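Please take a moment with the sequence and the model shown below before reading on. The paragraphs that follow lead from one helix to its surroundings, and then to the contacts between side chains.

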Amino acid sequence: MTTTHETPVRLTQFAHGGGCACKIPPGELEDVLGGLSAALPAPGGAPLLVGLATGDDAAVVALPAPDGAPAQAMVSTADFFTPVIDDAYDWGRIAAANALSDVYAMGGRPLLAVNLLAWPRDVLPFELAREVLRGGLEVAAEAGCHVGGGHSVDDPEPKYGMAVTGLADPARLLRNDAGRPGLPLSLTKPLGLGVLNNRHKATGERFEQAVATMAALNRDASAAALAAGASCATDVTGFGLLGHLHKLARASGVTAVVDTAAVPYLDGAREAVRDGYVSGGTRRNLEWVAPYTDFGGADTDTRLLLADAQTSGGLLVAGEIPGAPVIGELVPRGPHSVVLR
């Protein structure tokens, strides 16, 4: 059985993209989803609190509460992707942390997950698939989340992730449409995961700071946001900081002003951009947000880093929380949804 850091094959070489950089581009995805929720008849039963309309991180439905019992809401999400790193165990950890993050981004607590696994059974040994699943199980256990089976398919390209169900207080959700002018913006993980992962894919060089950041749960950040009274947040993943910030500002009817000097980056991120390790997903992110963004004097490398397709990134919170740098603020809506200064 393989162990951490000893994977005998380079998993990233079996994927056309890596991690959340392999997402369908945001503009194309919105074209596909546009009008779907309005076209479907509303089912009966519990009311849907968060759905397709604002492109939030997870769906939320209100649960019936017995007389005298506290109100609860169910949070549901799914996330999976191609290998972001060559080590099978670490890929599993990262993919699980990323899937769980959507529940934390809504202010919820994950309760149950099921695995989603696609595997090229005639190409890659099942010992590696076992390591992927072991990594996912360990991170779910750290989160206090049960893993109750899942689904697998034979696929030419390996993919792994989870569908996750959690609970939240419907009166204390973190939503991407709840921002208002005057709130500071906090970011709980540094940027640069995408370019470092792309360098890893191209060269095999391992970046421990990136692995540790991606495998870290957003549980404490979510709890801190709720404790601070925040009601607006999202996680920063495949659409980059600019993409997720644009979605938050658009849904909330505000403009987000970013102090580019305050944005934290992982060691080596700027060097990776300088050396050309920029994914196609990051370039598509930048192209998508360009019409909605006032870039000010930001240079090309800074723009690319701000649009960098993150995998298992941090929370972007409309509010100030301990230990997280404030990178900007929300202001009344102007000509652009995002302004860089």
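What span should the 17 residues of helix 4 have at 1.5 Å a residue, and how far apart are its end C-alpha atoms? The model is a predicted one, and in it the expected span of helix 4 is 24 Å, while the end C-alpha atoms are 24 Å apart, so the two values agree.

Helix 4 covers residues 126–142, and a number of its residues are buried, namely Leu 128, Ala 129, Glu 131, Val 132, Gly 135, Gly 136, Val 139 and Ala 140. These buried residues pack against helix 3, against strand 4 (109–119), against strand 5 (146–154) and against strand 6. Other residues of helix 4 are partly exposed, among them Arg 134, with a relative accessible area of 26%, and Glu 138, at 37% relative accessibility. Arg 134 and Glu 138 form a salt bridge in which the closest N and O atoms are 3.2 Å apart, and since both lie in helix 4, 4 residues apart, about one turn of the helix separates them. Just after helix 4, Gly 144 takes a positive phi of about 75°.

Helix 3 and strand 6, which were named among the packing partners of helix 4, also share an aromatic pair. A search of the whole structure finds 2 aromatic pairs; in one of them, the rings of Trp 91 and Tyr 160 have centres 6.4 Å apart and planes at 85°, and because planes over 60 degrees apart count as edge-to-face, this pair is given that description. Trp 91 belongs to helix 3 (residues 88–105) and Tyr 160 to strand 6 (residues 159–168), so the pair ties together parts that are 69 residues apart in sequence. Are these two residues buried or exposed? Trp 91 counts as buried because its relative accessibility is 0%, and Tyr 160 counts as buried with a relative accessibility of 0%.

Helix 3 also holds a salt bridge, formed by Asp 90 with Arg 93, whose closest N and O atoms are 2.7 Å apart. Being 3 residues apart in helix 3, the two are separated by about one helical turn. Asp 90 counts as buried, at 1% relative accessibility, whereas Arg 93, at 22%, counts as partly exposed. Both residues take part in a network of salt bridges that links Asp 90, Arg 93, Arg 206 and Glu 208.

The structure holds 14 salt bridges, and another of them joins the side chains of Asp 275 and Arg 274, at 3.0 Å from N to O. Here Asp 275 counts as partly exposed, at 35% relative accessibility, while Arg 274 counts as exposed, at 57%. A charged side chain also lies over a ring, for Arg 270 is placed over the face of Tyr 265, at 5.2 Å from the ring centre.

The last stop is strand 12 (residues 326–332), which runs antiparallel to strand 7 (residues 184–187) and is joined to strand 7 by 3 bridges. Within this pairing, Leu 185 stands opposite Gly 328 in strand 12. Strand 12 also pairs with strand 9 (residues 254–258), again in the antiparallel sense, over 5 bridges, and there Glu 329 in strand 12 is the bridge partner of Val 257.

Note on methods
Residues are numbered from 1 along each chain as its sequence is written. This is a predicted model: local features need pLDDT of at least 70, side-chain atom pairs count only at pLDDT 80 or more; totals for chains, interfaces and linings use all residues. Side-chain values use heavy atoms; hydrogens and water are left out. Rings of Phe, Tyr and Trp (its six-membered ring) pair if their centres lie within 6.5 Å; planes under 30 degrees apart count as stacked, over 60 as edge-to-face and the rest as tilted. Buried means under 20% relative accessible area, exposed over 50%, partly exposed in between (1.4 Å probe, protein chains only). A charge sits over a ring if NZ of Lys or CZ of Arg is within 6 Å of the ring centre and within 35 degrees of the ring normal. A salt bridge is a side-chain nitrogen of Lys or Arg within 4 Å of a carboxyl oxygen of Asp or Glu. Two strands pair if DSSP finds at least two bridges between them. The expected span of a helix is 1.5 Å times one less than its number of residues. Contact means heavy atoms within 4.5 Å.
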